[in-house]
Amino acid sequence: MKMRFLLLFSRQGKLRLQKWFTPLVERERKKVVRDMTLMVLGRPPRSCNFLHWKDLKVVYKRYASLYFCCGLDDKDNELLALEVLHRYVELLDKYFGNVCELDIIFNFEKAYFILDEFLMGGEVQETSKVTVAKSIEASDMLQETMEEYMSKPAF
Amino acid sequence: MPAPIRLRELIRTIRTARTQAEEREMIQKECAAIRSSFREEDNTYRCRNVAKLLYMHMLGYPAHFGQLECLKLIASQKFTDKRIGYLGAMLLLDERQDVHLLMTNCIKNDLNHSTQYVQGVALCTLGCMGSAEMCRDLAGEVEKLLKTSNSYLRKKAALCAVHVIRKVPELMEMFLPATKNLLNEKNHGVLHTSVVLLTEMCERSPDMLAHFRKLVPQLVRILKNLIMSGYSPEHDVSGISDPFLQVRILRLLRILGKGDDDSSEAMNDILAQVATNTETSKNVGNAILYETVLTIMDIKSESGLRVLAINILGRFLLNNDKNIRYVALTSLLKTVQTDHNAVQRHRSTIVDCLKDLDVSIKRRAMELSFALVNGNNVRGMMKELLHFLDMCDPEFKADCASGIFLAAEKYAPSKRWHIDTIMKVLTTAGSYVRDDSVPNLIQLITNSVEMHSYTVQRLYKAVLDDISQQPLVQVASWCMGEYGDLLVSGQCEEEEPIHVTEDEVLDVLEGVLVSNLSSPITRGYALTAIMKLSTRFSSVNRIKRVVSIYGSSIDVELQQRAVEYNALFKKYDHMRSALLERMPIMEKTTTNGPTEILHTNGEAEPSVRDSKHPPNIPQPSSQANDLLDLLGGNDVVPVIQTELPTKPASSGGELLDLLGDLSLSGRMDVKCICFSPFLAIPPMTAYNKNGLKIDFTFERSNSNPNVSVITIHASNLTEVDMADFVFQAAVPKTFQLQLLSPSSNVVPGLNKGTVTQVIKVLNPQKQQLRMRIKLTYTHKGSSVQDLAEVNNFPTQSWQ
């Protein structure tokens with residue numbers, strides 16, 4: 001299921017994460033973000049989670065104060081895309097413990113790292129929650145070791 | 001130099017900003033600090049600074065000055081640096097900038113790093129944003145990693161290979177050997193990414209597809225294990241084992257089974273199993289069922305399986321979950337062409353979806369409903385669709401109206417039903433109807449001859465209530481102008497006739513003319529309609545008054561029409577009845593463009609055109625020309641056939657041009673008609689005025705029963721001869737006519753002789769013969785012209 005992009009934004013339209021799986025210049029990216037935000041935030045409540053935008057299918061789901069929005073190829077399975085979004089939320093939840101929007105604001109780089117262990121090039125790379133969690137843990141350990149060595153926090 | 005502010009600190013600070021301006025100020029200050037820090041080549045805090053830059057970039061601020069810093073981070077030995085560096089590269093760089101090529105060497109080194117997490121992050125970056133050049137350079141490394149036993153790296157290498165193939169399809173061959181044992185893996189991550197890789201290769205190359213067909217049994221086995229195996233906590237999602245992998249396998253099976261009997265056969269069982277055993281209470285189960293249905297419909301599955309698939313979609317339609325209903329409607333739309341009957345069975349559920357609250361679902365349901373209309377269900381479906389048209393949001397109305405018109409045209413069980421349906425659309429969604437439907441509807445109404453009185457009555461009643469919907473008013477105006485006499489005469493077979501007076505009809509039309517709701521086009525329709533009624537009604541004075549008022553209208557179009565209609569009353573009253581007579585049946589055209597004249601005998605148009613006289617039309621004729629064009633105006637013009645005079649006469653040329661211009665393409669035909677006598681048909685007097693009498697006698701052609709031969713006999717009862725006598729004739733479009741040369745062009749006075757001329761008429765459709773004739777001659781020194789209608793042909797002459 002080839003995802004073209006994955007965006008996270010708040011109900012006020014503030015971008016919290018943007019992952020692009022196709023090459024787009026900055027201007028084009030900004031346009032996509034603008035269009036997605038307008039379209040998704042403008043949906044009436046209790047609508048279905050699927051939209052059409054240009055030649056893509058757009059799948060979105062709201063989790064608390066964050067909208068998770070991804071763009072798919074026209075031939076892709078939308079119902080599975082919902083599962084992918086859900087899995088990502090579960091991974092974030094496991095990592096941060098009852099994840100909320102603030103976690104993602106203050107630890108956006110971690111959100112990216114987790115995403116990069118789950119998806120690559122728009123495809124799912126690991127279907128086991130446990131395995132993803134273990135990889136992130138190990139990577140973090142590797143990072144901490146460095147920090148300890150430097151005896152100052154990296155960032 | 002104090003340590004740069006920490007990332008979380010910065011985020012906290014920026015979030016305290018109360019206005020956009022305040023935020024901008026903070027960010028500018030921080031950016032300045034970061035820039036100077038970069039300039040100083042500070043290794044310790046580079047990572048922190050780039051991280052902050054990435055945060056500010058997400059808020060929408062420019063961060064291009066950090067691009068090179070990302071490259072420096074990637075080159076660093078610290079894992080922290082690399083992690084942020086690669087993240088920065090993915091966010092700030094794109095393949096259109098040359099800078100990204102500088103990454104290639106770093107990535108190459110990192111792909112060979114001793115730590116798998118470093119290798120992993122390099123693979124990830126390459127797999128997300130690697131350009132074609134990078135992919136070419138690094139494909140070898142990726143291929144090596146594809147063969148490693150480390151499943152963490154193997155799965156990443158597989159997806160990286162997918163990206164390489166997407167960027168540089170020629171490199172696909174290179175990865176073929178490594179795919180040999182991919183499906184033997186136990187690790188789900190590797191299995192999943194391997195299936196993705198195989199799918200990509202099969203989609204891109206028919207050779208690969210043929211090569212990988214042999215994997216079908218193995219894929220079937222893996223899928224079976226997933227379904228049959230017990231609970232596996234690691235991969236379980238709501239009781240289903242690894243739905244992601246299941247769906248990907250189903251997708252690959254779809255590609256492998258398409259068009260191939262053996263493969264399709266091999267997967268029939270497992271598809272049936274998945275379709276029946278998958279738990280449908282949650283979205284995840286339905287996602288798998290959806291993919292299964294798509295696969296079943298695409299491969300050469302047996303009919304029982306196809307019916308099962310459509311039934312699953314039917315069940316989806318009843319699901320409470322909107323998403324699933326939406327997905328079902330989309331899939332049914334795709335299959336309705338191939339499995340029409342099976343989808344028909346779910347018609348009532350689909351029609352219920354028209355009442356759904358969700359906009360996307362309503363639209364899909366509408367499209368699907370139109371696809372399902374056929375001769376058997378048209379009445380019921382139309383009722384539902386008309387109801388939908390009434391209740392739906394404006395965004396749907398135009399499409400729905402067009403769809404209804406199309407379906408009604410194809411499947412109307414009776415003319416009355418068809419007219420009724422059109423009426424309903426015009427009255428419920430009249431303002432949303434497309435502009436091109438008005439002429440189409442007018443044509444339809446004209447051609448339903450027996451429904452004229454019914455139609456005009458219904459339109460009249462509708463317009464009495466509401467004149468805001470322009471297409472409705474336009475059609476109604478046209479019909480009232482055309483059939484006003486039927487309306488007033490109170491004859492209507494289909495319905496209880498209403499009592500309408502001429503004045504009431506004119507009231508309505510005048511109301512349309514003056515109303516602010518009427519568009520200029522509608523006003524034009526109304527004015528023309530009023531004018532037409534001058535030959536059908538007796539209250540001509542009122543009409544004359546109206547027409548003269550509009551002679552000074554601000555609207556140029558209306559003014560011109562009114563002036564010319566005025567002229568018609570004053571100077572050309574003798575032409576008025578001919579010009580305003582009932583429209584003949586119009587030929588159906590596929591587009592709304594000019595109606596075309598048929599060619600016969602392969603005569604080329606240009607040669608015919610050249611032999612036409614150049615128009616030297618004197619003023620009066622050109623005015624009449626305009627009138628005829630005006631009658632054409634927005635309406636479809638009935639094309640009147642003309643013939644080429646075998647004896648060219650200069651005055652004759654004008655008339656031909658006149659009538660020739662009526663046909664929008666301005667072309668003329670030459671027809672050849674055979675000649676032979678037939679049984680006696682009584683002669684008739686076609687014209688008798690001012691002393692000139694023209695009789696018609698008839699004969700039937702032997703070789704062609706569709707051809708009638710008419711001989712005109714012109715005689716002159718006045719004392720003075722009529723010189724330069726020219727007789728011309730025109731017939732409706734469904735006929736073809738040829739005029740041979742006259743015996744002479746002087747009609748001697750006191751009935752001392754007759755001028756004869758032969759007309760041959762081809763009437764393949766056996767329609768009632770009608771003719772318009774034009775006579776010109778010189779009498780007592782002045783030139784006389786007259787136009788007349790000949791309608792009293794005996795039935796035998798054209799049957």
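Mentor: A residue is called buried when its relative accessible area is under 20%. Please keep in mind throughout that this is a predicted model.

Trainee: With that definition, what share of the residues of chain B counts as buried?

Mentor: Of the 799 residues in chain B, 57% are buried. The chain is built from 34 helices and 10 strands. Among its contacts between residues at least 6 apart in sequence, 70% join residues at least 24 apart.

Trainee: How should I read a single helix, and which residues of α1(A) are buried?

Mentor: The general idea comes first. An α-helix has 3.6 residues a turn, so residues three or four places apart point the same way. In this structure, helix α1 of chain A covers residues 26-41, 16 residues in total. From first C-alpha to last it reaches 22 Å, close to the 22 Å expected at 1.5 Å a residue. Its buried residues are A:R29, A:V32, A:V33, A:D35, A:M36, A:T37 and A:V40.

Trainee: What covers these buried residues of α1(A)?

Mentor: The cover includes five strands of chain A, namely β1 (3-10), β2 (15-20), β3 (50-53), β4 (56-63) and β5 (66-72). It also includes α5 (79-92) of chain B.

Trainee: I should like to turn to nonpolar cores. Which residues touch the most other members of the largest one?

Mentor: In soluble globular proteins, nonpolar side chains tend to be buried together. Here the largest nonpolar core holds 273 residues, and A:Y88 and B:M480 touch the most other members. Helix α2 (residues 78-96) of chain A gives this core its largest share, 11 residues. Leaving aside residues up to four places away in sequence, B:M480 touches B:V456, B:Y460, B:V463, B:L487, B:V505, B:V508, B:L509 and B:L533. A second, separate core has 32 residues, among them B:A729, B:L769, B:I773 and B:Y777.

Trainee: How does one look for empty space, and how many cavities of 30 Å³ or more are found in the whole structure?

Mentor: Rolling a probe the size of a water molecule over the atoms shows where empty space is left. In this case the search finds 11 cavities of 30 Å³ or more. The second largest cavity has a volume of about 170 Å³. Its lining has 19 residues, of which A:W20, A:R29, B:M90, B:C128 and B:M129 lie nearest the centre. This lining takes at least two residues from each of β2 of chain A and α5, α7 (116-129) and α9 (151-167) of chain B. By type, the lining residues are 11 nonpolar, three polar and five charged.

Trainee: Pockets, unlike cavities, are open. What is the volume of the second largest pocket, and which residues lie nearest its centre?

Mentor: The second largest pocket has a volume of about 620 Å³. Of its 29 lining residues, A:K30, B:H57, B:M58, B:L59 and B:G60 lie nearest the centre. The elements giving two or more residues to this lining are β2 and α1 of chain A, with α2 (20-39), α3 (46-58) and α5 of chain B. The largest share, seven residues, comes from α1(A). The lining divides into 12 nonpolar, nine polar and eight charged residues.

Trainee: Finally, where does B:E41 lie, and what is its phi?

Mentor: B:E41 lies in the loop between α2 and α3 of chain B. Its phi is positive, about 55°, although B:E41 is not a glycine. B:E41 counts as partly exposed because its relative accessibility is 45%. B:N751, likewise not a glycine, has a positive phi near 55°. B:N751 is found in the loop between β7 (736-739) and β8 (754-762) of chain B, and at 43% relative accessibility B:N751 is partly exposed.

Technical notes
Residues are numbered from 1 along each chain as its sequence is written. Chains are lettered from A and ligands numbered from 1 in the order in which they are written. This is a predicted model: local features need pLDDT of at least 70, side-chain atom pairs count only at pLDDT 80 or more; totals for chains, interfaces and linings use all residues. Side-chain values use heavy atoms; hydrogens and water are left out. Helices (H or I, at least four residues) and strands (E, at least two) are DSSP runs, numbered from the N terminus. The expected span of a helix is 1.5 Å times one less than its number of residues. Buried means under 20% relative accessible area, exposed over 50%, partly exposed in between (1.4 Å probe, protein chains only). Contact means heavy atoms within 4.5 Å. On a 1 Å grid over the protein atoms alone, a cavity is a set of points where a 1.4 Å probe fits but cannot get out, and a pocket is an open set with protein on both sides within 12 Å along at least five of seven lines; lining residues have an atom within 4 Å of a point. Grid points are joined across faces, edges and corners, and a volume is the space filled by probe spheres set on the points. Ala, Val, Leu, Ile, Met, Phe, Trp, Tyr, Cys and Pro count as nonpolar, Asp, Glu, Lys and Arg as charged, and the others, Gly among them, as polar. A nonpolar core is a set of buried Ala, Val, Leu, Ile, Met, Phe, Trp, Tyr and Cys residues joined through side-chain atoms within 4.5 Å.
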